[in-house]
Amino acid sequence: MKNFTQKIYQNRYFLLFILLFAYVQSIYIRIIVRQQINAYTFTPDAALVSLIGSGVLFLIMLFFIKKWNKSETLSLKVLFKISGASLFVYLLATNTFGLLIAFLFDNIEKNFNQQTFILSLFSNFLDGLVYGVFFLAYYYYLINKKQQKKISMYNKAITESKINQLKTQLNPHFLFNNLNVLDQLIEEDKDKASDFLNEFAEIYRYVLQSTDKELVRIEDEIDFVQQYFKLIQHKYNDAYQLQIECKSIIKDFMVPLTLQLLVENAVQHNLGTKGNPVCIQIKIDENIAVSNNTNLKRNSKTVSGRGLKNLKEQYSLLSEKPIQIHQTKNYFSVEVPIIHNQNV
């Protein structure tokens, strides 16, 4: 009983639609037949009877659907088979019930003469046809909705799995590059190396925390990249410069380590000196633009490496807008879309 009540509640809007349709239908028939409008015209008794009758039809159809349609798709042949069998059983049930009522009240001759029986049979047939169509449309709407939800959950699981795979590649990339810097500093200046190691430990804590997140707030990424740039200055001093231009406090989101990776690329591929520094500019407006003047190292590749390709894949999974790269002889820029919804 509890399960039945729950089913009614879950489908309450559909049942309300059936009741309203039956009510309007009963008013129309009474006006046509009686050619007058009075209080009886608007009584809901006929609509309630139609609701109960349609409920019986729905149960019959549900029985045949589960019996003959094992898959979640419906062929035309099975549709006609279910509809035909349901209509037959429905007409048999309604007329058997009507005959029983007529027998109890001794009205068989009045209610089951040839003319009345044919009219009643035709009326029940039309009702069964109309309400049956309503039920099939609603039933397969629910099936399709369920299928779409499954597909959405599957795609989300695939996306999350792909992102996690990409992150497992990016995280060691960050670690490896900075350990190389640490190794060089140990040979050049042990005090600097010690400071670098302490700051790197703090920064890497953020890296580990962000690994479990698809997105982080842009303002957190800005704080992180500023800390990260201090590590770069331990080795290069003023050979590389960072400017951040942000119109307002950003509460939107981006992929973790995006800014760090783009700053790292600028340093890795370009030779900066005190007299001719590489100026890295981060500008946040409608999107996030990270740009720098270029002075390519001799052994630097002109095409972005695996880290940037990895980042492009993550944004393709999380945003409809792709990462855009602009490159000239003296200038390199990467435009990254801002993600406005954390639950994409």
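# Working through a predicted model

Leucine 257 counts as buried, because its relative accessibility is 6%. Keep in mind that this is a predicted model. Here are some exercises to try with the structure open.

**Exercise 1. Find leucine 257 and work out what stands out about its backbone.**

Step one: locate the residue. Leucine 257 sits in the loop that links strand 3 (253-254) to helix 9.

Step two: check phi. For leucine 257 the angle is positive, about 70°, although the residue is not a glycine. As a rule, most residues other than glycine have a negative phi.

Step three: look for other cases. Asparagine 237 also has a positive phi, near 55°, and is not a glycine. Glutamine 35, which follows helix 2, has a positive phi near 55° as well.

**Exercise 2. Is asparagine 237 buried or partly exposed?**

Begin with its place: asparagine 237 lies in the loop between helix 8 (218-236) and strand 2 (240-246). Then take its relative accessibility, which is 42%. Buried means under 20% and exposed means over 50%, so asparagine 237 counts as partly exposed.

**Exercise 3. Decide how enclosed helix 9 is, and whether its length fits its residue count.**

Start with length. Helix 9 has twelve residues, which should span 16 Å at 1.5 Å a residue; the end C-alpha atoms are 17 Å apart, so the two agree.

Now burial. Eleven of the twelve residues are buried, so helix 9 is largely enclosed by the rest of the structure. The buried set includes Thr258, Leu261, Leu262 and His269, along with Gln260 and Glu264.

**Exercise 4. How does helix 9 pass helix 10?**

First, distance and angle: the axes of helix 9 and helix 10 (residues 306-318) come within 10 Å and cross at roughly 150°. Angles over 145 degrees count as roughly antiparallel, so that is how helix 9 runs relative to helix 10. The crossing is left-handed.

Next, who touches whom? On the helix 9 side, Thr258, Leu261, Leu262 and Asn265 make the contact; on the helix 10 side, Gly307, Leu308, Leu311 and Tyr315 do.

**Exercise 5. Follow asparagine 265 from its helix to its contacts.**

Asparagine 265 belongs to helix 9 (residues 258-269). With 12% relative accessibility, it counts as buried. Setting aside neighbours within four places in sequence, asparagine 265 is in contact with Asn270 and Leu308. Now pick out glycine 307: it is 42 residues from asparagine 265 along the chain, yet their C-alpha atoms are separated by 8.5 Å.

**Exercise 6. Which residues of helix 2 are buried, and which meet helix 3?**

Size up helix 2 first. The helix covers residues 12-34, 23 residues in total, and reaches 32 Å from first C-alpha to last, close to the 33 Å expected at 1.5 Å a residue.

The buried residues of helix 2 are Phe14, Ile18, Ala22, Ser26, Ile27 and Arg30. Look at the spacing with this in mind: an α-helix has 3.6 residues a turn, so residues three or four places apart point the same way.

Turn to helix 3 (residues 45-68): its axis and that of helix 2 come within 8 Å and cross at roughly 130°. That makes helix 2 oblique to helix 3, and the crossing is right-handed. From helix 2, Phe14, Leu15, Ile18, Leu19, Ala22, Tyr23, Ser26 and Arg30 take part; their partners in helix 3 include Asp45, Leu48, Leu51 and Phe58.

**Exercise 7. Set the UniProt annotation beside the model.**

The unreviewed UniProt entry places "transmembrane region" at residues 12-33, 45-65, 85-105 and 117-143. In the model, residues 12-33 are 100% helix and 0% strand, with end C-alpha atoms 31 Å apart. Residues 117-143 are likewise 100% helix and 0% strand, and there the end C-alpha atoms are 38 Å apart.

**Exercise 8. Zoom out: what makes up the chain?**

Count elements: there are ten helices and seven strands. One of the helices is helix 7 (residues 190-210), which has 21 residues and reaches 30 Å, close to the 30 Å expected. Its buried residues include Phe196, Phe200, Tyr204 and Val207.

Then take burial overall: 35% of the 344 residues in the chain are buried. Last, take contacts between residues at least 6 apart in sequence: 71% of them join residues at least 24 apart.

Conventions:
Residues numbered from 1 in each chain as written. Predicted model: local features only at pLDDT ≥ 70, side-chain atom pairs only at ≥ 80, totals over all residues. Heavy atoms only, no water. Helix = DSSP H or I, 4+ residues; strand = E, 2+ residues; numbered from the N terminus. Expected span 1.5 Å × (residues − 1). Buried < 20%, exposed > 50% of the residue type's maximum accessible area, 1.4 Å probe, protein only. UniProt positions renumbered as here; feature names shortened; annotations may be inferred. Axes fitted to C-alpha atoms, helices over the stretch in contact; angles between N-to-C directions. Parallel < 35°, antiparallel > 145°, perpendicular 65-115°, else oblique. Left-handed = near helix turned anticlockwise from the far one by under 90°. Contact = heavy atoms within 4.5 Å.
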